[in-house]
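Reader: Hello! I'm just starting out with protein structures, and I'd like a close look at a single part of this one. Could you walk me through it slowly?

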Amino acid sequence: MPREVPATLKLYLDGKIEQFWFRQDKPGVVFLMNVESLEQAKATVEALPLVTDGFATYELMQVGPLAPLGMLIQGK
């Protein structure tokens, strides 16, 4: 943890991690990341100390805006 916390905070301060939460259903965290691609997210997470040292695994999920909300402002 002495290396993980500064590494995670640096990603937050650099704008790559926008938000983070503790999971309620099982041990772990969720990062909402601001990256261009899943590949960039993968490279970023794989560089974190807990992942490189084999203490953590991860799952990636691509998310985006809730597009149907656009219908509400288009008068449809």
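Which residues of H2 are buried?

Author: Happy to help! A word on the model comes before the helix. This is a predicted model, in which local features need pLDDT of at least 70, side-chain atom pairs count only at pLDDT 80 or more, and totals for chains, interfaces and linings use all residues. Residues are numbered from 1 along each chain as its sequence is written, and side-chain values use heavy atoms, with hydrogens and water left out.

Now to your question. The buried residues of H2 are Ala41, Thr44 and Val45. Seen down the axis of H2, these buried residues fall within an arc of 95°, so they line one face of the helix. Here, buried means under 20% relative accessible area, exposed over 50%, and partly exposed in between, using a 1.4 Å probe and protein chains only. The arc is that of the directions from the helix axis to the C-beta atoms. Helices (H or I, at least four residues) and strands (E, at least two) are DSSP runs, numbered from the N terminus.

What does that face meet? The buried residues of H2 pack against H1, E2 and H3, where contact means heavy atoms within 4.5 Å.

Let's follow the chain of neighbours to H1, which covers residues 4-13. Its buried residues are Glu4, Thr8 and Leu11. Viewed down the axis of H1, they fall within an arc of 60°, so they too line one face of their helix. On the other side of H1, Lys10 and Leu13 are exposed. The buried residues of H1 pack against strand E1 (17-22), strand E2 (29-33), helix H2 (38-46) and helix H3 (49-52).

Thr8 makes a good example from H1. With a relative accessibility of 12%, Thr8 counts as buried. Leaving aside residues up to four places away in sequence, Thr8 touches Ile17, Phe31 and Leu48. Just after H1, Gly15 takes a positive phi of about 85°.

Finally, how far can you trust the picture? pLDDT is the predictor's confidence in each residue, from 0 to 100. The chain averages 92, and 97% of the residues score at least 70. Confidence is highest in H3, at 97, and lowest in helix H4 (residues 70-73), at a mean of 82. H3, you may recall, is among the elements that the buried residues of H2 pack against.
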